[in-house]
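Please look through the sequence and the 3D view below before reading on. The report that follows takes up the cysteines and then the pairing of strands.

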Amino acid sequence: MTADRTVLPPVRLPAEAELAREALASPLFARAVRLARWAGPGLRVGAGGELPDAEVREAAAELGLEEGADEEGEARAVAGEAWRIAVDVGLVDVTAPEEGDEELGTAAPSADLRLVTGGAPADVLELWAAACECVLSDAALPDMSALVEQITAGEELDLDRLDWDPEADADFLDGALGNLYLLTAMEDPGADGAVPLPALAASLVVPDDMDEPTEEVLAEVSEAVLRLDEQFRMLEPVGVVAYRPVAEEILLEAAGTAPAAEEPEDGDEDVSRYGVVRLTPLGLYALRRRMLAEGLVAPLVGELASEDAYVLLDALPRLPDAVAQTEAEAWLEDRKPAEAATELLDAARGTDDRAPARRLACQQALAVAGGGAEPAVRDVLHDRELGGLARVWLTERGVPGVPQPTDDMVFWLAVDTVAAQLGGLRDDTPELRELVEHLVGMHRGFFAAAWRVDHPATPEVLEAMGRLHPDRQVAKDARKAAFKARSRPTA
């Protein structure tokens, strides 16, 4: 993996065959395929491939859509959208109109249509991905209502007054989908990944350093919820998301056509009324394709099995525990235990900022390596950086005759363990606070010895311990020790 490229957490995807079946079952793509088959040779279409009104009604009937007095407009809109996708994806070939032919061309099923049933799963996914990109582009378009109002009123078009920012509009949807991707990647296996729309909107609007949102920011969150509601309603038919829309009464209230709903007496409002969204496996697949195309590193769970030990250990601390264990098991599966353990231990060495995290990851990986790793672990018992790790591993496995660590090794390992969990998502967690309290409580005069530890991260670790420990006197002692560590002359 390249250090100067953004690395995303790995995701789990079904096999291509399963994804292809889901693509074929997605409502919009399935309708597009059906209309492409319906389009007999010589079907008359407009210059841009659009269906004339009479053919739109026939297309709606082909799709089995009701066309009663109330549903006719909706049925024709659904049929028209499916036909447009069929044209844009290339499921039908459109022949331009001949001169003097009243601007009517013809359409017929394309050769690509045969790939739907006769091609490989990858062929189906390519066609579906093209349909998905069409819908994503549509969903990111700005609201046209202001433009329509100007045209209807006969006003001179004033694009500046419309306050359009196409790039910002596209970034808004990309940000929402990107956050969904990360949430899905970081969740434990078996979780359903459902995210309340207000929480997703807040992640896009509320600044990270704002503890209590202001009224203005809350109003922005509400606007973002309504905007996301429209976009996810568009994305659900193509299979990108599973979506429970914002309740109708809330939309009417936001539009000013219904009275404000009363707050529930117990204050426990059903958040699902404001929309709940989940990224589907197809959506995960589509977003990963986009991210790879943008040059991001978007791995799949299990891909680390082919990497060297250094890359594995550097990646594991960034992953959820369950995913990290899966990656370690996959990496060890086809390697001989003793050789694999040697590679892991060699990769764990170092004095760089990421080295403590690699050593912690090495300990986690060795935990699933089995007894075959014991010779390699014994070989590093007296290693300055790895001796403490080796003793912990051997003791946990009940191996007899493990030598007692020196005091220097004990304190070096304590500093290294805290350093491994500082920074990023693991900083200032309840688990880290608990570790700090445990270390201070277990070693009498901890800071009197800790400031002397010859570890690159000693000053930073002691400062963090002063910040995290709840006892004021202990925190003060930690800060004094950090000052001593910084002031200590280096060799």
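## Cysteines

Is Cys362 buried or exposed? In this model, which is predicted, Cys362 is buried, since its relative accessible area is 0%. Cys132 also counts as buried, because its relative accessibility is 1% and the cut-off for a buried residue is under 20%.

A disulfide is a covalent bond between the sulfur atoms of two cysteines. For Cys132, the closest cysteine sulfur belongs to Cys134 and lies 9.1 Å away, which is too far for a bond, because the two sulfur atoms of a disulfide have to be within 2.5 Å. The count of disulfides for the model comes to 0.

## Strands S1, S2 and S3

Strand S3, which covers residues 104–109, is joined to strand S1, residues 43–46, by 4 bridges, and the two run antiparallel. Within this pairing, Arg44 is found opposite Thr106 of S3.

Strand S2, made of residues 92–95, also pairs with S3 in the antiparallel sense, over 4 bridges, and here Val94 has Ala107 of S3 as its bridge partner. In a regular strand the side chains alternate between the two faces of the sheet.

## Strands S4, S5 and S6

Further along the chain, strand S6, residues 276–279, runs antiparallel to strand S4, residues 195–196, and 2 bridges join them. Pro196 is the residue that stands opposite Val276 in S6.

Strand S5, residues 241–244, pairs with S6 as well, in the antiparallel sense and over 4 bridges, and in this pairing Ala242 stands opposite Arg278 of S6.

Technical notes. Residues are numbered from 1 along each chain as its sequence is written. This is a predicted model: local features need pLDDT of at least 70, side-chain atom pairs count only at pLDDT 80 or more; totals for chains, interfaces and linings use all residues. Side-chain values use heavy atoms; hydrogens and water are left out. Two strands pair if DSSP finds at least two bridges between them. Buried means under 20% relative accessible area, exposed over 50%, partly exposed in between (1.4 Å probe, protein chains only).
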